[in-house]
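User: I would like the reasoning behind the labels used for this structure. Please set each value against its definition.

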Amino acid sequence: MATLSVKLRVWRQPGPDKPGQLVDYSVTAHPDMSFLEMLDVVNDGLIRQGQDPIAFDSDCREGICGACGVMVNGVAHGPDPGGTVCQLHMRRFRDGETIVVEPWRARAFPVVKDLVVDRSAFDRIIAAGGYCSVNTGGAPDGNAILIPKAVADAAMDSAACIGCGACVAACKNASAHLFMSAKVSHLALMPQGQQERYRRVVAMIEQADADGFGSCSNEGECEAVCPKEIPISNIARMTREYVKAMLTSR
Ligand code: SF4
Ligand code: FES
């Protein structure tokens, strides 16, 4: 199959406090290469020339870990809906196309280097409330607590969030509401999540505020780019949880 030639415009920034700029690279790629494999090829060439390779994050390269997110032509995770950057392939682009690659832009996700951002603010939100307490001991019988199928399905759909941060990057307010609402919904729907139910939602929202995430103005940009297609109806559920928490003094 023929190769395709593209011009990459990549955000290069040597460090958090250093100025950055877009730098152009000419790339010849196989259409069946993944986007990250194409970046690997670019980096091989840069290393051979004694230049600094482009820093970017990746781990699983199969849409599970949430590490790889970048803006591709202004869209979080690129042009394929319901997928991550590591699931994007070069056949999605035209021969001769210019592809602009930038890091997530959000105050709460400061740039570490080039395309790598610090997403530890998400870890702090999870540490604030994104867990449930359990009594240790023997494993309970699988059928001891029956969960209606519809509830289990909704909880599992929410648990699909991979913490990639695309929702924040796509939001003009840099809001973490879709991310938080996925965690809140997952736990609020299950019996195991009831113990901290109201304390959890308040603690997570307070932590997001402290880390500089914005509020939600219901534009739906987050839902449009989420690789796990988490619906914004979860944000409505989180708001209801928050109001109930306020009315019941947590
Ligand atoms: S809600 Fe979607 S876009 Fe946001 S962190 Fe989770 S998987 Fe990523
Ligand atoms: S590298 Fe794990 S989701 Fe892309």
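Analyst: Accessible areas here come from the Shrake-Rupley method with a 1.4 Å probe. The model is a predicted one. On that footing, the accessible surface of the chain comes to about 12,600 Å², and carbon and sulfur atoms hold 51% of that area.

User: What share of the 250 residues in the chain is buried?

Analyst: Buried residues account for 45% of them. The label requires under 20% relative accessible area.

User: Why is Ser34 called buried?

Analyst: The cut-off for buried is under 20% relative accessible area. Ser34 has 9% relative accessibility, so Ser34 counts as buried. Ser34 lies in the loop between strand 2 and helix 1. Apart from neighbours within four places in sequence, its contacts are Cys86, Leu88, His89 and Met90.

User: What makes strand 2 and strand 4 edge strands?

Analyst: The open sheet has 5 strands in the order 2-1-5-3-4, and its pairing is mixed. Strand 2 (21-29) and strand 4 (75-76) each have a single partner strand, so one side of each has no neighbour in the sheet.

User: How do you know that strand 1 and strand 2 are paired?

Analyst: Pairing requires at least two bridges found by DSSP. Strand 1 (residues 4-12) is joined to strand 2 by 9 bridges, so the two count as paired. The two strands run antiparallel, and Leu4 stands opposite Ala29 in strand 2.

User: Which strands does helix 1 touch where it packs on the sheet?

Analyst: Helix 1 (residues 35-48) touches strand 1, strand 2, strand 3 (71-72) and strand 5 (98-102). The direction of helix 1 makes about 100° with that of strand 2.

User: Why are helix 6 and helix 8 called roughly perpendicular?

Analyst: Angles of 65 to 115 degrees count as roughly perpendicular. Helix 6 (residues 197-210) and helix 8 (residues 233-247) pack at about 110°, and the two helices are therefore roughly perpendicular to each other. Their axes are 9 Å apart.

User: Which residues make that contact, and how do they divide into nonpolar, polar and charged?

Analyst: From helix 6, Arg197, Tyr198, Val201, Val202 and Ile205 take part. They meet Met238, Glu241, Tyr242, Lys244, Ala245 and Met246 in helix 8. The contact has 8 nonpolar residues, no polar ones and 3 charged. Tyr counts as nonpolar under the definition used, as do Val, Ile, Met and Ala, whereas Arg, Glu and Lys count as charged.

Notes:
Residues are numbered from 1 along each chain as its sequence is written. Chains are lettered from A and ligands numbered from 1 in the order in which they are written. This is a predicted model: local features need pLDDT of at least 70, side-chain atom pairs count only at pLDDT 80 or more; totals for chains, interfaces and linings use all residues. Side-chain values use heavy atoms; hydrogens and water are left out. Helices (H or I, at least four residues) and strands (E, at least two) are DSSP runs, numbered from the N terminus. Contact means heavy atoms within 4.5 Å. Axes are lines fitted to C-alpha atoms, for helices over the stretch in contact, and angles run from 0 to 180 degrees between N-to-C directions. Angles under 35 degrees count as roughly parallel, over 145 as roughly antiparallel, 65 to 115 as roughly perpendicular and the rest as oblique. Buried means under 20% relative accessible area, exposed over 50%, partly exposed in between (1.4 Å probe, protein chains only).
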